[in-house]
Amino acid sequence: MAVPSPKLELVEVTSPSIEDFEPLLVSTAEQLDTYWPQISYWLKPCVEKAMHGEMSLQDIYEFVKTGQMHAIIAKCDDHGSHEVALVLILETLAYPKLPTINIVALGGHELDLLKSKFWEHVCSWAFMNGARSLQASVSPAMARIIQRYGFNPVYTTMRMDLTEM
């Protein structure tokens, strides 16, 4: 007697749309470990190309885990995976007269999602946490992008490598 073969059905796999993503302030070690594979994937180009050896992905992981830095992500858990479209790593700077949140790193594939859907929330979170300004040290190309967010040039950062003297 022949065993009937199971009926095969094609299932359409859909990617989440921008509307499916929601912000998350990564606030526990469990959340960090859950989302870290995608967070690190999106931060890797920033660390390798824009940080000039200042820190590694492991450093960022440890700083977020210990609360020295903050990670805000745009994530979607609706499609069976923990998809991250955007990562923002922030640190608090304690200037005596101007409490500031510094953008340490930014990565993802939906940067417009930050501006269109989450930027006001990020700014509100920073303000509620005592910051009165946001800042970022960025390349000229990134400076053009973040000017659309309301950033204005304040300083020009220059660096000299003392190991090459």
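This is a short walk through one chain, from its overall layout to its salt bridges and a surface patch.

Before anything else: this is a predicted model. The mean pLDDT of the chain is 89. Of its residues, 91% reach 70 or more. Confidence varies between the elements. Helix α2, residues 57-65, has the highest mean pLDDT, at 98. The lowest belongs to α4, at 85. Keep α4 in mind, as we come back to that end of the chain.

Now the layout. How many helices and strands does the chain have? There are four helices and five strands. Read from the N terminus, the order is β-α-α-β-β-β-α-β-α. The radius of gyration is 20 Å, and the globule rule gives 15 Å for 165 residues, so the chain is more spread out than a compact globule. The box tells you the dimensions. Along the principal axes, the C-alpha atoms fill roughly 80 × 40 × 30 Å.

What about burial? Of the 165 residues, 32% count as buried. The accessible surface comes to about 11500 Å². Carbon and sulfur atoms hold 56% of that surface. Then contacts. Take those with a separation of 6 or more. Residues 24 or more positions apart account for 59% of them.

On to the charges. Side chains of opposite charge can pair when their charged atoms come close. How many salt bridges does the chain have? The count is four. I will go through three pairs, including Glu-22 with Lys-75.

In that pair, the closest N and O atoms are 2.8 Å apart. Glu-22 lies in strand β1, residues 22-26, and Lys-75 in strand β2, residues 70-76, so the bridge ties together parts that are 53 residues apart in sequence. Are the two partners buried or exposed? Glu-22 counts as partly exposed, because its relative accessibility is 41%. Lys-75 is buried, with a relative accessible area of 9%. That falls under the 20% cut-off for buried.

Lys-75 has another partner. Its side chain also meets Asp-77 in a salt bridge, at 2.8 Å from N to O. Asp-77 is partly exposed, at 30% relative accessibility. Put the pairs together, and Glu-22, Lys-75 and Asp-77 are linked in a network. So the buried lysine, Lys-75, bridges to Glu-22 and to Asp-77.

The next pair sits within one helix. Lys-44 and Glu-48 form a salt bridge, 3.9 Å from N to O. Both lie in helix α1, residues 29-50. They are four residues apart, about one turn of the helix. Lys-44 is partly exposed, at 42% relative accessibility. Glu-48 is exposed, at 55%.

Last stop, the surface patch. Which residues make the nonpolar patch? Met-160, Leu-162 and Met-165 do. The patch covers about 410 Å². Where is Leu-162? Leu-162 lies in the segment after α4, which spans residues 140-146. Why does Leu-162 count as exposed? Because its relative accessibility is 60%, and the cut-off for exposed is over 50%. Recall that α4 itself has the lowest mean pLDDT among the elements.

To recap. The chain is more spread out than a compact globule. Glu-22, Lys-75 and Asp-77 form a salt-bridge network. Lys-44 and Glu-48 pair along helix α1. And Met-160, Leu-162 and Met-165 make a nonpolar patch on the surface.

Note on methods:
Residues are numbered from 1 along each chain as its sequence is written. Side-chain values use heavy atoms; hydrogens and water are left out. Patches are made of residues with over 30% relative accessible area and no salt bridge: like charges are joined within 9 Å, nonpolar side chains (Val, Leu, Ile, Met, Phe, Trp, Tyr) within 5 Å. Accessible areas come from the Shrake-Rupley method with a 1.4 Å probe; for residues, only the protein chains shown count as cover. Helices (H or I, at least four residues) and strands (E, at least two) are DSSP runs, numbered from the N terminus. Buried means under 20% relative accessible area, exposed over 50%, partly exposed in between (1.4 Å probe, protein chains only). pLDDT is the predictor's confidence in each residue, from 0 to 100. The radius of gyration is taken over C-alpha atoms; the globule rule is 2.2 Å times the number of residues to the power 0.38. Contact means heavy atoms within 4.5 Å.
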